Amino acid sequence: MEGTVYKSTGSWYTVKTEEGIFYECRIKGKFRLKGIKSTNPVSVGDVVVFEQDSSEDTPQGIITEIKDRKNYIIRKSVNLSKQTHIIAANLDQVFLLVTLNNPPTFTSFIDRFLVTSEAYGIPAILLFNKIDTYTEEELDEIRYLAELYREIGYTCIGISAKTTKNVDKVKELMMGKTSMFSGHSGVGKSTLVNAIEPQLDLKTKSISSQHMQGQHTTTFAEMFDLDFGAKIIDTPGIKGFGIVDMEKEEIGDYFPEFFKLKSDCKFNNCLHVDEPHCAVKQALDNNEVAWSRYKSYVQMLNGEQENYRIDIYGEK
Ligand SMILES: Nc1nc2c(ncn2[C@@H]2O[C@H](COP(=O)(O)OP(=O)(O)OP(=O)(O)O)[C@@H](O)[C@H]2O)c(=O)[nH]1
Ligand SMILES: [Zn+2]
């Protein structure tokens, strides 16, 4: 039988079949996954093959195979430094909630998030939340940012989770897909999920309480079916989008507007810093590339671990 993992609690996995039946499954033996040392072989969002265990009253099964993932997000395991924990797999898209203030979301954070999503291969959408609270000046800033990121190719929507302004547009984008919401604490993730599906009572609040963070508690992601034919993956206690180790030469490739120009740089391994005849720097001088983006890029390039390798889960 085949199904999708909706929940994992360490040794048991809740798997839903296409017929809509939930099975509690375990893993037989050890799964080796190419290239990643993971503390959990199977994660929420995985499509798995399992054998039904007919000896039990409640539907149970044994997972025998994991189908290839189209993508996955990870976090470093806290105590086992070389190990990673796969938080979720097979996401169709991720929404980043952004607010200008309360809390402030800086472009460096947005850019780091977008680079990570590019590296993961997960399309990202920017939701500028709390538009009901902004002054005309602040709205101008939002419009400026939205235009900047639209130009690069990212979908941007101004919303109010509180008044439900444009929440229907978010739902439209979610239909038929598996999504995740990210953003700093207080940007309105729970409020938005509530506006989208009031019946759904996410545990985000209780589990993500501050004292749990930073400890080596394992956070269990969970997938939920929404009434209008969408799925969301909730990751209690996880605010960010994880870590991707990347080489300096790769970083520029995850800035889509830089990547487009790269073939016009004189050197094919151009880092767009001091090299002569660099198309990115040229575009920057012509105001065709945003300074804030270039600044984020240089920050990430200059590598200080905290700039891009930082584990932004549970960030404060
Ligand atoms: N005015 C206004 N307030 C909002 C909006 N969205 C959320 N809020 C408020 O912002 C505060 C934080 O919202 P939450 O939904 O708890 O934020 P969160 O992102 O889930 O926060 P964490 O659970 O800490 O990650 C709450 O007081 C909400 O009522 C909005 O669109 N407009
Ligand atoms: Zn260059």
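**Helix 2, a core and a listed site**

Mentor: Helix 2, residues 136–152, has 17 residues and reaches 25 Å from its first C-alpha to its last, close to the 24 Å expected at 1.5 Å a residue. The model is predicted: local features need pLDDT of at least 70, side-chain atom pairs count only at pLDDT 80 or more, and totals for chains, interfaces and linings use all residues. Residues are numbered from 1 along each chain as its sequence is written, while chains are lettered from A and ligands numbered from 1 in the order in which they are written.

Trainee: What makes residues 136–152 a helix, and where does the 24 Å come from?

Mentor: Helices are DSSP runs of H or I with at least four residues, strands are runs of E with at least two, and both are numbered from the N terminus. Helix 2 has 17 residues. The expected span is 1.5 Å times one less than the number of residues. Glycine 153, with a positive phi near 125°, follows helix 2.

Trainee: Why is cysteine 265 called buried?

Mentor: A residue is buried if 20 or more other C-beta atoms, placed from the backbone, lie within 10 Å of its own, exposed if 12 or fewer, and partly exposed in between. Cysteine 265 has 21 other C-beta atoms within 10 Å, so cysteine 265 is buried. Histidine 272 has 25 within 10 Å and is therefore buried.

Trainee: Which residues does UniProt list for "binding site"?

Mentor: The unreviewed entry lists Cys265, Cys270, His272 and Cys278. Such annotations may be inferred rather than shown by experiment; positions follow the numbering used here, and feature names are shortened. Cysteine 265 is in the loop between helix 7 (256–261) and helix 8 (279–285), and histidine 272 is in the loop between helix 7 and helix 8.

Trainee: What is cysteine 265 in contact with, leaving aside its neighbours within four places in sequence?

Mentor: Contact means that two C-beta atoms, placed from the backbone, lie within 7 Å. On that basis cysteine 265 is in contact with residues including Cys270, His272 and Cys278.

Trainee: How do you know which residues to read with caution?

Mentor: By pLDDT, the predictor's confidence in each residue, from 0 to 100. The mean for the protein is 86, and 82% of its residues reach 70 or more. Over residues 203–217 the pLDDT is below 50, and over residues 305–316 it stays under 50. Where pLDDT is low, the predicted coordinates should not be read in detail.
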